Amino acid sequence: AIERTLSIIKPDATKRNLTGKIVAKFEDAGLRVVASKRIHLTPAQAGEFYAEHKERGFYGELVAYMASEPVVVQVLEGEGAIAKNREVMGATDPAAAAEGTIRKEFALSKGENSVHGSDSPASAAREIAFFFSGLELVG
Ligand code: CMP
């Protein structure tokens, strides 16, 4: 089925000017950018976005990091977009990521791992609505 998923190009990647190279990998895999913006999250916004990780030891670090520099948030559309996006990203830990994936090529660590992608249809719906209004999604 045609799906939509929420992608974030994280601070470590925007800072190193990797936005275009990362978007090219998604586009080459058949995903289409149907919404896109560059924003600088406040710690409160980053904390709310990652609320499900509140109890994890890395939560404070994650929130501070995501608010440290601008990010690019995008909605990607395509056949099986949620799984495809995760395949192109590679494993959370760059040391475990497969050859050719974004995290293998660009990520610095488990935390500074260059990209985020929704992990299920329910997360995709919540995460897209967190950043975009319906009017901003242009298929
Ligand atoms: P993401 O897909 O954005 O969702 C949650 C994030 O938490 C994850 O990517 C990682 O960047 C981050 N994360 C997971 N494990 C760790 C860890 N051990 N230390 C720091 N950050 C982590």
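## A tour of the sheet and helix 7

Start by selecting the four strands: they form an open, antiparallel sheet in the order 2-3-1-4. Strands here are DSSP E runs of at least two residues and helices are H or I runs of at least four, numbered from the N terminus; two strands pair if DSSP finds at least two bridges between them. Strand 2 and strand 4 sit at the edges with a single partner strand each, so one side of each has no neighbour in the sheet. On average, neighbouring strands are turned by 20° against each other, direction ignored. This is a predicted model, where local features need pLDDT of at least 70 and side-chain atom pairs pLDDT 80 or more, while totals for chains, interfaces and linings use all residues. Residues count from 1 along each chain as its sequence is written, and side-chain values use heavy atoms, leaving out hydrogens and water.

Next, pick strand 2 and strand 3, an antiparallel pair with seven bridges. Click R32, and you'll find its bridge partner E77 in strand 3.

Now add helix 7, which packs on the sheet and touches strand 1, strand 2, strand 3 and strand 4 (contact means heavy atoms within 4.5 Å). Its direction makes about 55° with that of strand 1; axes are lines fitted to C-alpha atoms, for helices over the stretch in contact, with angles from 0 to 180 degrees between N-to-C directions.

Stay on helix 7 (residues 121-131) and colour S123, A124, E127, I128 and F131: they're buried (under 20% relative accessible area; exposed is over 50%, partly exposed in between, with a 1.4 Å probe and protein chains only). They cover an arc of only 125° around the axis, which puts them on the same side of helix 7; the arc uses directions from the helix axis to the C-beta atoms. Flip to the face turned away for exposed P121, A122, A125 and A129.
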